[in-house]
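Please take a moment to look at the chain as a whole before turning to its parts. The explanation then moves from the overall layout to single residues.

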Amino acid sequence: MKLFLDTANLDEIREGATWGVFDGVTTNPSLIAKEGRDFVDTIYQIANIIDGPVSAETVAQDAPTMIKEGRLLAKVHRNVVVKVPLTVAGIQCCKALADDGIRVNVTLCFQPAQALYAAKVGATFISPFVGRLDDVSEDGMDLISRIVKIYQNYPNLKTEVLAASIRHPMHIVQSALAGAHVTTAPLKVYKQLFSHPLTDKGNVAFLKDWETVPDRDIIGQVERWLAART
Ligand code: E4P
């Protein structure tokens, strides 16, 4: 499963990029607004930090303007994936952009059949929102499972399921078990994956025991060992 960062914060993206595990970035108008920076420059900077799909969302509500926004956004960087809402205009726009060879992420998916529309018009990604469904007492992860199943039933549909609105580590585990192709989450959630009491406890115990080893300089020991063999 590919892992995308769900943020427009350049510092977070730079920090995440050093881990070597992230394959792309998703943004939305709310995330862009939160940063208070120029939209296009932010997208350009992100696309230069992580060499993978970077979702940049259109805001026009009519298809012709949305298509124009999408075609222009696609020119900003080769990594840009144009993000459109799951509306009639969004689906029309997705079709036009996909026909141009532009990758599209259809967002705000809350119902399995909506994902069929996105796939039929050539979306590269469909973004079902897990957390927002959980927030209204629906089963967000069930939506992921159902879309994965529907797409598997029709192998000619090439759209990837991008689990979005991810709120905690178990959402990531469940997305992978459900067969999502991608998950996107804030850096804070990915950091939580490192926090396991047994990982921390085990690390402390290993270091304590290591203190009893006479020669603890691994680098020096290996270098001397290698030199002695040549
Ligand atoms: C990503 O594509 C979505 O915009 C994002 O995951 C929404 O997350 P939220 O529901 O936490 O705002």
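The paragraphs below go from the whole chain to its core, then to one helix, the ligand and a few single residues.

What you are looking at is a predicted model, and a sensible way to begin is with its overall extent. The C-alpha atoms of the chain fill a box of roughly 70 × 40 × 35 Å when this is taken along the principal axes, and the chain is built from twelve helices and eight strands. It is divided into domain 1, which covers residues 2–192, and domain 2, which covers residues 197–227; taken over C-alpha atoms, the centres of these two domains are separated by 42 Å. Of the 230 residues in the chain, 44% count as buried. Among the contacts in the chain with a separation of 6 or more, 55% are made by residues that are 24 or more positions apart.

From here we can turn to the interior. The largest nonpolar core has 59 residues, and within it Val106, Ile126 and Ile144 touch the most other members. If we leave aside neighbours within four places in sequence, valine 106 is in contact with Val84, Pro85, Leu86, Ile91, Cys94, Ala118, Ala123, Phe125, Ile126 and Ser127. There is also a second, separate core of seven residues, which includes Phe4, Phe125, Leu162 and Val182.

One of the residues in contact with valine 106, namely Ala118, leads us to helix α6, in which it is found. Which residues of helix α6 are buried? In this helix, which spans residues 112–120, they are Pro112, Ala115, Ala118 and Ala119. Because these residues cover an arc of only 100° around the axis, they lie on the same side of α6. The face turned away from this buried side carries the exposed residues Tyr117 and Lys120. The buried residues of α6 pack against two helices, α5 (88–99) and α8 (140–153), and against two strands, β5 (104–109) and β6 (125–128).

The two ends of this helix also reward a careful look. At the start of α6, a side-chain oxygen of glutamine 111 reaches to within 2.7 Å of the backbone nitrogen of alanine 113, while the helix is followed by glycine 122, whose phi is positive, near 85°. Within the helix, alanine 118 is buried because its relative accessible area is 0%, and, not counting residues up to four places away in sequence, it touches Ile91, Cys94, Val106, Ala123, Ile126 and Thr159. The C-alpha atoms of alanine 118 and leucine 3, by contrast, are separated by 21 Å, and these residues are 115 positions apart along the chain.

We now come to the ligand. Which residues surround the ligand? They are Asp6, Thr26, Asn28, Lys83, Phe129, Arg132, Ala164, Ser165 and Arg167. For three of these residues a polar approach can be described in detail: an oxygen atom of the ligand is 2.6 Å from an N or O atom in the side chain of aspartate 6, an oxygen atom of the ligand is 2.7 Å from an N or O atom in the side chain of lysine 83, and an oxygen atom of the ligand is likewise 2.7 Å from an N or O atom in the side chain of serine 165.

Two further residues touch some of the residues just named. Glutamate 57 has its place in strand β3, and it counts as buried because its relative accessibility is 12%, below the cut-off of 20%. Leaving out residues up to four places away in sequence, glutamate 57 touches Thr27, Asn28, Pro29, Phe39, Leu73, Lys83 and Thr107. Valine 130 lies in helix α7, which covers residues 130–135, and it is buried, with a relative accessible area of 0%. Apart from neighbours within four places in sequence, valine 130 is in contact with Gly140, Met141, Ile144, Ala164, Ser165, Ile166 and His171.

A last stop is aspartate 62, which sits in the loop between β3 (54–57) and α4 (63–76). Is aspartate 62 buried or partly exposed? At 35% relative accessibility, aspartate 62 counts as partly exposed. Its side chain is joined to that of threonine 65 by a polar contact of 2.6 Å. The C-alpha atoms of aspartate 62 and cysteine 93 are separated by 8.9 Å, although these residues are 31 positions apart along the chain.

Technical notes:
Residues numbered from 1 in each chain as written. Predicted model: local features only at pLDDT ≥ 70, side-chain atom pairs only at ≥ 80, totals over all residues. Heavy atoms only, no water. Core = buried A, V, L, I, M, F, W, Y, C linked by side-chain atoms within 4.5 Å. Buried < 20%, exposed > 50% of the residue type's maximum accessible area, 1.4 Å probe, protein only. Contact = heavy atoms within 4.5 Å. Helix = DSSP H or I, 4+ residues; strand = E, 2+ residues; numbered from the N terminus. Arc of directions from axis to C-beta. Polar contact = N/O pair within 3.5 Å; in protein donor to acceptor, adjacent residues only side chain to side chain. Domains from an automatic or database assignment. Near = heavy atom within 4 Å.
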